[in-house]
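This report examines a single protein chain, moving from one residue outward to the whole fold. Please view the sequence and the structure alongside the text.

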Amino acid sequence: MLDKLNAWVRSVEDHGIREVRKIPGYHDEPLKGQRKGQRSVRLSKAYRAIYTEHGEGEVEIILVEEVNKHEY
């Protein structure tokens with residue numbers, strides 16, 4: 001799972017979060033409820049990374065809050 005997370009991080013560093021959000025395989029989506037303000041990306045069918053975006057403009061900081069096994 002770490003390899004997939006690292007691949008996502010490299011993509012964000014190389015292309016920016018707005019471009020990476022367009023990649024359908026990551027299923028990047030905003031969260032609701034207690035997680036409002038956070039987003040998730042799917043690393044596999046079972047695992048997702050939850051992150052928060054800080055900043056606007058050219059400099060953005062993406063903080064990965066957790067990687068967890070998502071129950072379907």
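In this predicted model, Tyr51 has a relative accessibility of 0% and therefore counts as buried, the limit for that class being under 20%. Tyr51 is a convenient starting point for the description that follows.

**The aromatic pair**

One aromatic pair is counted in the model. Its members are Trp8 and Tyr51, whose ring centres are 5.1 Å apart and whose planes meet at 45 degrees, a tilted arrangement. Trp8 belongs to helix H1 (residues 2–15) and Tyr51 to strand S3 (residues 47–54), so the pair ties together parts that are 43 residues apart in sequence. Trp8, with 1% relative accessibility, also counts as buried.

**Asp28 and its partners**

Tyr51 takes part in a second interaction as well: its side chain is joined to that of Asp28 by a polar contact of 2.6 Å. The side chain of Asp28 also makes a polar contact of 2.7 Å with the side chain of Arg39. Asp28 is located in the loop that runs between helix H2 (17–20) and strand S1 (29–30). Although it is a loop residue, Asp28 counts as buried, with a relative accessibility of 14%. Leaving aside residues up to four places away in sequence, Asp28 touches Ile17, Arg21, Arg39, Ser40, Val41 and Tyr51.

His27 is placed in the loop between H2 and S1. The phi angle of His27 is positive, near 50 degrees, in a residue other than glycine. His27 counts as partly exposed, at 39% relative accessibility.

The accessibility values of the residues discussed above are collected here.

| Residue | Relative accessibility | Class |
|---|---|---|
| Trp8 | 1% | buried |
| Asp28 | 14% | buried |
| His27 | 39% | partly exposed |
| Tyr51 | 0% | buried |

**Helix H1**

The helix that carries Trp8 has 14 residues and spans 20 Å from its first C-alpha to its last, close to the 20 Å expected at 1.5 Å a residue. Which residues of H1 are buried? They are Leu5, Trp8, Ser11 and Val12. Viewed down the axis of H1, these buried residues fall within an arc of 120 degrees, so they line one face of the helix. Leu2, Asp3, Glu13 and Asp14, on the other side of H1, are exposed. The elements that cover the buried residues of H1 include H2, strand S2 (39–42), S3 and strand S4 (61–69). After H1 comes Gly16, which has a positive phi near 90 degrees.

**The whole chain**

The protein contains two helices and four strands, arranged along the sequence in the pattern α-α-β-β-β-β. Its radius of gyration is 12 Å, which agrees with the value near 11 Å for a compact globule of 72 residues. Taken along the principal axes, the C-alpha atoms fill a box of roughly 35 × 30 × 20 Å. Buried residues account for 28% of the 72 residues. Of the contacts between residues at least 6 apart in sequence, 25% join residues at least 24 apart.

In summary, Tyr51 of strand S3 pairs with Trp8 of helix H1 and also shares a polar contact with the side chain of Asp28.

Definitions and conventions. Residues are numbered from 1 along each chain as its sequence is written. This is a predicted model: local features need pLDDT of at least 70, side-chain atom pairs count only at pLDDT 80 or more; totals for chains, interfaces and linings use all residues. Side-chain values use heavy atoms; hydrogens and water are left out. Buried means under 20% relative accessible area, exposed over 50%, partly exposed in between (1.4 Å probe, protein chains only). A polar contact is a pair of N or O atoms within 3.5 Å; within protein, one must be able to donate a hydrogen and the other to accept it, and residues adjacent in sequence count only if both atoms are side-chain atoms. Contact means heavy atoms within 4.5 Å. Rings of Phe, Tyr and Trp (its six-membered ring) pair if their centres lie within 6.5 Å; planes under 30 degrees apart count as stacked, over 60 as edge-to-face and the rest as tilted. The expected span of a helix is 1.5 Å times one less than its number of residues. The arc is that of the directions from the helix axis to the C-beta atoms. The radius of gyration is taken over C-alpha atoms; the globule rule is 2.2 Å times the number of residues to the power 0.38.
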